[in-house]
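I opened this model to look up its strand pairing, its nonpolar cores and a few packing contacts, and I kept the entries below as I went.

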Amino acid sequence: MMNTKPIPVNTPLLSGNELKYLSECIETGWISSEGPFITKFEENFSKYIGRNFGVAVSNGSAALDIAVKALEIGEDDEIIMPTFTIISPAQSVITNGAIPVLVDSDPNTWNMDVSQIESKITSKTKAILVVHIYGLPADLDPILELAKRYNLKVIEDAAEMHGQTYNGKKCGSFGDISIFSFYPNKHITTGEGGMILTDDAHLVERCKKLRNLCFEPNGPRFIHHELGWNYRMTNLQAALGLAQLERINEFIDKKRELGAFYQQKLSFLAEKGYSLPLSSTDYSDNIYWVFGLVAPNIEAKEEIIKYLSDQKVGTRPFFWCMHEQPVFQKMGLFKNEKYPIAENLARNGFYLPSGLGLSMEDRELVVEILKNHY
Ligand SMILES: *Cc1c(COP(=O)(O)O)cnc(C)c1O
């Protein structure tokens, strides 16, 4: 068998009110970051997650830049975070002048191993940056307990966790400050976009100022006392976000249904030495932002990815660890550090087509193509 129709790793679903709300932007002329959809999206999304305030920004990485700076973390401060993550949180820590201190992954949930955090706390530690990975949250209770005991801030990167819960409470509602991304492969999308959430009225004002070049909200125009960014979200993006948010529960059900489908149909891979995602822990059911697989070794991973690619099935490798990033090594960071669990995930992991737009026919095809290989 040879499949010839491409099955992309992600396709978004934009079949609700997206076009209607976008047309409203064009018809009314509200296309910039001034416009009624932005505050509405901020209100509706923060309410959905269960937080008092939301600040919509241009993307999730921008949200992290602002989150770190808003907490007054900078020069010589240390932030504890996982090595197995996208680069965005580490980049935000470093460009704000602080130092990322890394921990290895939990082999079962692929999130930061919370048992390794305490030994990394020093007098310079200011925060723990939690990154929830792929579909299961990090184990938050022990993290919150440590933060309380050592007086540390918690930043929650919930960019992959829209609607996921930890012991029944929404991810993104635990940190002093938390962030989401609305990139097209996330549960809801605005094309590019992100949001910062907090319950702290002072922090939300800081975030709004940092998003808007640190214009002084009450001072004379064009006089600045601090540097920020132009990280504003447009009304066009917020229009998309509002339409997407109307369907979030449906999207989450769809992701979970796809995850359960792959779990069942691909269970044979376990006998071939693969690790499949955990379907649940005692605190959460997997939301399957993506459906990841960990191959038994690098050769097996490269071989299967090539085979899938020849069969037009899109895949993505897992994140590459922060301590092995050339850009950070050139800066003299993480010399001789080793995190074996995370290194194993980075070397052997990849994920299958997991997008909301994946058809029933195509997901069956993905399974059939994998079965044919073994
Ligand atoms: C997607 C993602 C980001 C970055 O979001 P962008 O909107 O692409 O900048 C940050 N953290 C995690 C964990 C992500 O998955």
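**Notebook: sheet, cores, helices**

I began with strand β12, where F350 is the bridge partner of P317. I am working on a predicted model, in which local features need pLDDT of at least 70 and side-chain atom pairs count only at pLDDT 80 or more, while totals for chains, interfaces and linings use all residues. Residues are numbered from 1 along each chain as its sequence is written, and side-chain values use heavy atoms, with hydrogens and water left out.

I then noted that β11 and β12 (residues 349-352) run antiparallel and are joined by two bridges; strands here are DSSP runs of E with at least two residues, helices are runs of H or I with at least four, both numbered from the N terminus, and two strands pair if DSSP finds at least two bridges between them. The open sheet has three strands in the order β10-β12-β11, with antiparallel pairing. β10 (291-294) and β11 (316-317) each have a single partner strand, so one side of each is left without a neighbour in the sheet.

Next I looked up the largest nonpolar core (buried Ala, Val, Leu, Ile, Met, Phe, Trp, Tyr and Cys residues joined through side-chain atoms within 4.5 Å), taking buried as under 20% relative accessible area, exposed as over 50% and partly exposed as in between, with a 1.4 Å probe and protein chains only. This core has 52 residues, and F84, Y134, I177, I196 and F318 touch the most other members. The largest share, seven residues, comes from α3. I listed the contacts of I177 (heavy atoms within 4.5 Å), leaving aside neighbours within four places in sequence, and found among them R51, A67, V154, I196 and C207. Apart from this core lies another, of 29 residues, including I38, M161, A243 and I252.

I turned to β1, in which four of the five residues are buried. β1 pairs with strand β9 (residues 194-198) in the antiparallel sense over five bridges, and A56 stands opposite M195 in β9.

For D362, I asked which residues it touches, not counting those up to four places away in sequence. The answer is K5 and I7. D362 is placed in helix α12 (residues 360-373), and it counts as buried because its relative accessibility is 9%.
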